[in-house]
Structures are given as C-alpha cells and as structure tokens.
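Trainee: I have a structure open and would like to go through its aromatic rings and pockets. Can we take them in turn?

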Amino acid sequence: MEKQISLGMMRINNLSIEELENLINEALNQNITLFDHANIYGNNKCEELFGEVLKRNKDLRKRMIIQSKCGICNGYYDSSKEHIIDETLKSIKRLNCDYLDILLIHRPDALIDYKEVNEAFNYLYENGYVKEFGVSNMNPYQMELFKKYVKQPIKYNQVQFSIVHSNMVQEGLFVNMNEKEALPTSQGILEYCYLNDIKVQAWSSLMASWSEGTFIDNPNYPKLNDKLEEIANKYKVNKNTIAIAWILRLPQNIIPIIGTTSINRIKEISQAININLTRKEWYELFLSVGHILP
C-alpha cells in the first residue's frame with residue numbers, strides 16, 4: 001500500500017490567505033493530498049481560511065482529501081446526533097467544499113449513544129455530505145462498539161504517535177512480561193487497527209509532549225537527536241524527514257500528520273516517503289529514546 005503523509009491544519013489561523021494558498025499548493029506538489037481539520041481549530045478560523053482558498057481556486061477541491069473532526073466542545077464532549085450533523089454541515093460550509101471525504105469523532109465521549117451516532121452517520125452518508133468515517137483517540141473496545149451499533153464502517157483512528165510517544169509499539173514487544181513496558185496503555189490499538197483494516201493516523205508525529213514540544217533539537221533527547229542526525233546525513237535529508245520515515249517504516253502504513261506552516265519543511269518532510277530505513281536503523285532510533293527490548 002502506498003505511503004501517505006497528511007498536512008494538519010491546526011496552526012494555519014495566523015496565515016494570510018495568500019500564505020495558506022502557497023502552503024496548500026506546495027503540499028499538493030509534494031503529493032500530500034490529505035488535509036486534516038477539526039471544527040475547533042482556531043475557533044473555526046482554520047476551516048474558514050481554508051475555505052477562502054478553495055473559493056478562490058475551485059479546481060483544487062478535486063485534488064484533495066479533506067478531513068474534519070467534531071465532538072469537542074468548550075468544557076465537554078458531544079457526540080449526539082444533532083451535534084454531529086450540525087457541526088459537520090457547518091464545517092462543510094466554512095470549508096467551501098460541498099462534502100467531507102472523511103469525518104472523525106474527535107474524542108471518546110462518556111455519554112455517547114452509538115445508535116444516535118449511527119443515525120447521524122447514515123444521514124450524512126446518504127445525503128452525500130461525508131464519504132468515509134473514523135474516530136480519534138479511541139481504543140479497540142470503543143471501536144468494537146462502533147462496529148456493533150454503527151452501520152458505516154470505521155476506516156480511520158487518529159492517535160498520538162511518534163518515536164518518543166510510541167506506547168503502541170512498546171507494549172506489543174513486551175507481551176506477557178513483568179516490566180512496566182508491558183502495561184497496556186494503548187490496549188492493542190495498532191494490532192486491532194491492522195487486523196480490521198483501519199488506517200492509523202499519527203498526530204503530534206514530531207512531538208515529545210505538549211509541555212516539551214518537538215523532540216527535534218530538544219536538549220531532553222540528546223541520544224535521539226544524535227542518531228537522527230547520523231541517519232539523516234546518510235540519506236542526505238534532515239532530522240524531521242528521518243523522524244517521519246521512522247513512522248512510515250512500520251508495516252501498518254500509518255499516516256503521519258505534520259502540522260507545519262513552512263513550505264520548506266513540507267519539501268523536506270515529503271522526502272520521507274522515498275526513504276526505507278533498515279531494520280537496524282529503525283530499532284536504533286527506537287532505543288535512542290530510552291526504550292528497551294525484552
């Protein structure tokens with residue numbers, strides 16, 4: 001299956017329309033066609049700005065896969081039928097895109113009624129507003145409930161994942177062992193999605209954590225950055241590119257989401273698709289963070 005990178009739209013609200021137009025065109029030139037939105041990004045401004053670009057360049061829509069998310073409100077979550085339908089239609093209007101290629105439920109909701117979600121998804125699909133559906137930050141049991149009660153297939157799960165935040169891989173290596181690494185923090189998300197043909201999308205693919213920011217050139221991760229630089233020099237790219245290539249090397253064909261607003265960064269990172277790290281390189285990067293092998 002072809003490797004894919006997505007461009008995240010969470011940070012575009014401070015760009016001018018011209019700057020965003022250039023950013024989108026460069027992404028498309030680099031074969032990055034999946035654009036990741038959410039109704040809450042920039043308090044709706046991110047979708048509005050993107051929609052202005054589409055209004056000025058109507059031919060761009062057919063070259064794009066546009067994804068948005070709903071369900072996060074101010075201080076609570078809402079996955080009711082009314083909210084899903086209303087917010088999806090608002091996103092489509094802001095984006096000037098007629099329909100969404102993909103809609104994700106943004107977060108697990110303790111008050112979710114899967115039958116209501118089913119009604120909302122069916123309405124959106126049958127009326128041509130959404131082509132495909134998915135979830136974000138959900139475990140296998142939550143996805144199983146979608147499978148039981150929701151007619152539309154769940155085809156995507158967007159979760160936090162990077163070299164540093166790689167619990168999904170770590171716990172899979174420590175099956176039935178006593179070490180703390182065996183704790184099921186992800187509950188087998190990676191294996192479940194692979195088994196059920198659900199594409200994993202990786203948010204914060206270059207982040208260590210919200211508090212630390214990116215791990216690239218971060219003094220808290222000297223061994224990782226030394227190894228990234230060593231491998232980057234071999235492939236004649238930069239460290240960001242290798243960090244994304246590390247994700248793309250996994251056989252599950254995870255889609256890393258990059259949140260950059262830099263055209264140069266897009267050009268650099270897009271090269272990751274053509275880099276196939278050796279097994280030794282992949283594990284060296286994994287271990288350089290402080291992970292261990294059993």
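Mentor: We start with the rings and then turn to the pockets; keep in mind that this is a predicted model.

Trainee: How many aromatic pairs are there?

Mentor: The count comes to 11 aromatic pairs. Take Tyr114 and Tyr149: their ring centres are 6.2 Å apart and their planes are at 20°, so this pair is stacked.

Trainee: Why does 20° make the pair stacked?

Mentor: Because planes under 30 degrees apart count as stacked.

Trainee: Where do Tyr114 and Tyr149 lie?

Mentor: Tyr114 is in helix α4 (residues 114–126) and Tyr149 in helix α5 (residues 140–149), so the pair ties together parts that are 35 residues apart in sequence.

Trainee: Is Tyr114 buried or exposed?

Mentor: Tyr114 is buried, at 13% relative accessible area. Tyr149 is partly exposed, at 32%.

Trainee: Which residues do ring pairs link into a cluster?

Mentor: Phe161, Trp246, Trp282, Tyr283 and Phe286.

Trainee: On to pockets. How much space lies in the largest pocket?

Mentor: About 550 Å³. It is lined by 28 residues, and Met10, Arg11, Ser204, Met207 and Gly259 are the closest to its centre. By class, the lining has 13 nonpolar, 10 polar and five charged residues.

Trainee: And what volume does the second largest pocket have?

Mentor: About 290 Å³. Of its 13 lining residues, those closest to the centre include Trp282 and Tyr283, which also belong to the ring cluster.

Trainee: Which element gives the most to that lining?

Mentor: α6, with four residues.

Technical notes:
Residues numbered from 1 in each chain as written. Predicted model: local features only at pLDDT ≥ 70, side-chain atom pairs only at ≥ 80, totals over all residues. Heavy atoms only, no water. Phe/Tyr/Trp six-rings, centres within 6.5 Å; stacked < 30°, edge-to-face > 60°. Helix = DSSP H or I, 4+ residues; strand = E, 2+ residues; numbered from the N terminus. Buried < 20%, exposed > 50% of the residue type's maximum accessible area, 1.4 Å probe, protein only. 1 Å grid on protein atoms, 1.4 Å probe; cavity = no way out; pocket = protein on both sides within 12 Å on 5 of 7 lines; lining within 4 Å. Points joined across faces, edges and corners; volume = space filled by probe spheres on them. Nonpolar A, V, L, I, M, F, W, Y, C, P; charged D, E, K, R; others polar.
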